[in-house]
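Q: Could you take me through this model feature by feature, giving the general idea first and then the case at hand?

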Amino acid sequence: MLKKGWPILVASMLVASPAWAAAKPAGKAHERETMVKKVEIVVKKKTEQKEAEAKKKQESSKQQKLLAQKLAQLNKKVSQIEERLNKVTARIQALSEAEPATDTQTTPADPASTGEPSTSQPREATAATDASSGQAVAANDAAAPASSGQTVTEASSPTSPSPVDEDQAELDEEKQAQIDGLIGQLIALSNQLRAVTNEIRALEKKVGADNADIQKVKEKVKALNDQVQANKRALLNLL
């Protein structure tokens, strides 16, 4: 009895519960939907990763380009400073090697030292051996006033002022003006080097202090600063 009715019971259960019959296909559809969502998530993550890498490369390339431009500007500034500093150094060296002005003014010659006969020396009137002694005395007396007048004239001649002191003062004044001008130029160059140093520090904060190109610029700036200090000491020695 049971065996004969079993198919009928099963059929009646299937007719009464249609959702159970459709449970299996619905489960597969859900799995497919879940898999599709997982694939979409993976694809989205990979796409975002590729976009981030591309953006990173673009930023890196842009940063490298900006760095190259900034380094080119710094090198140009440093080269200009170096050119000006070399000119100042050459002027300081020429000023240091210049011999001090010598006194080329000759003093008036002393008539006594020239070996020439002095006009103040009394002339001896020569008389003939057969002239009387009165004629000889008259000749000597006539020569005496002339020699006396010449002696007074020479003794009372005023001494002309020598321009040596004035020339030396002008040379000293000119030298001081040159030194003052050179010191001003060195101060200006030192300020320019300080500005370049500040730009280098700002650049290091962006790209790091271990950049080889930046280190080269820093070493060059340091060498120029040392040259400025050496020139300042040379000018102090000239004062």
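The dialogue below goes from the overall fold to salt bridges, contacts across the sequence and surface charge.

Q: Before we read any detail, what kind of model is this, and how many helices and strands does the chain have?
A: This is a predicted model, and its secondary structure comes to six helices and zero strands. Read from the N terminus on, the order of elements is α-α-α-α-α-α.

Q: What share of the residues of the chain counts as buried?
A: The term buried is used for a relative accessible area under 20%. By that cut-off, 13% of the 239 residues of the chain count as buried.

Q: How should I read a salt bridge, and how many does the structure hold?
A: The idea is a side-chain nitrogen of Lys or Arg within 4 Å of a carboxyl oxygen of Asp or Glu. The structure holds six salt bridges, and a useful habit is to ask of each one which elements the two partners belong to.

Q: Which residue forms a salt bridge with Glu-199, and where do the two partners lie?
A: Glu-199 pairs with Lys-77, and their closest N and O atoms are 2.8 Å apart. Because Glu-199 belongs to helix α5 and Lys-77 to helix α3, the pair ties together parts of the chain that are 122 residues apart in sequence. Both residues are partly exposed, Glu-199 with a relative accessible area of 22% and Lys-77 with one of 35%. The pair also belongs to a wider arrangement, as Lys-70, Lys-77 and Glu-199 are linked in a network of salt bridges.

Q: Which residue forms a salt bridge with Lys-220, and how many residues lie between them in sequence terms?
A: The partner of Lys-220 is Glu-82, with the closest N and O atoms 3.6 Å apart. This pair links distant parts of the chain, since Lys-220 is in helix α6 (residues 212–238) and Glu-82 in helix α3, 138 residues apart. Lys-220 counts as partly exposed at 33% relative accessibility, and Glu-82 likewise counts as partly exposed, at 28%.

Q: Glu-204 forms a salt bridge as well; is Glu-204 buried or exposed, and which residue is its partner?
A: Glu-204 is bridged to Lys-218, the closest N and O atoms being 3.1 Å apart. Glu-204 lies in helix α5 and Lys-218 in helix α6, so the pair ties together parts that are 14 residues apart in sequence. Glu-204 is buried, with a relative accessible area of 14%, whereas Lys-218 counts as partly exposed at 34%.

Q: Apart from charged pairs, how do I read a polar contact, and which residue does the side chain of Thr-89 contact?
A: In general one looks for a pair of N or O atoms within 3.5 Å, where one can donate a hydrogen and the other can accept it. Here the side chain of Thr-89 makes such a contact with the side chain of Asn-231, at 2.8 Å. Thr-89 is found in helix α3 (residues 23–97), and at 13% relative accessibility Thr-89 counts as buried.

Q: How can I set separation in sequence against separation in space, and what are the values for Val-217 and Val-78?
A: One compares the sequence separation of two residues with the distance between their C-alpha atoms. Val-217 and Val-78 are 139 residues apart in sequence and 8.0 Å apart in space, C-alpha to C-alpha. Val-217 is placed in helix α6 and counts as buried, at 3% relative accessibility. A further case is Gln-73 and Val-196, which are 123 residues apart in sequence and 10.0 Å apart in space, again C-alpha to C-alpha. Gln-73 lies in helix α3 and is partly exposed, with a relative accessible area of 45%.

Q: Turning to the surface, which residues gather in a patch of negative charge?
A: The general idea is to look for exposed like charges that come together. In this structure the patch of negative charge is made up of Asp-165, Glu-166, Asp-167, Glu-170, Glu-173 and Glu-174. Glu-166 is found in helix α5 (residues 164–207) and is exposed, with a relative accessible area of 55%.

How values were computed. Residues are numbered from 1 along each chain as its sequence is written. This is a predicted model: local features need pLDDT of at least 70, side-chain atom pairs count only at pLDDT 80 or more; totals for chains, interfaces and linings use all residues. Side-chain values use heavy atoms; hydrogens and water are left out. Patches are made of residues with over 30% relative accessible area and no salt bridge: like charges are joined within 9 Å, nonpolar side chains (Val, Leu, Ile, Met, Phe, Trp, Tyr) within 5 Å. Accessible areas come from the Shrake-Rupley method with a 1.4 Å probe; for residues, only the protein chains shown count as cover. Lys and Arg count as positive and Asp and Glu as negative; His and the chain ends are not counted. The place of a charge is taken as NZ of Lys, CZ of Arg, CG of Asp or CD of Glu. Helices (H or I, at least four residues) and strands (E, at least two) are DSSP runs, numbered from the N terminus. Buried means under 20% relative accessible area, exposed over 50%, partly exposed in between (1.4 Å probe, protein chains only).
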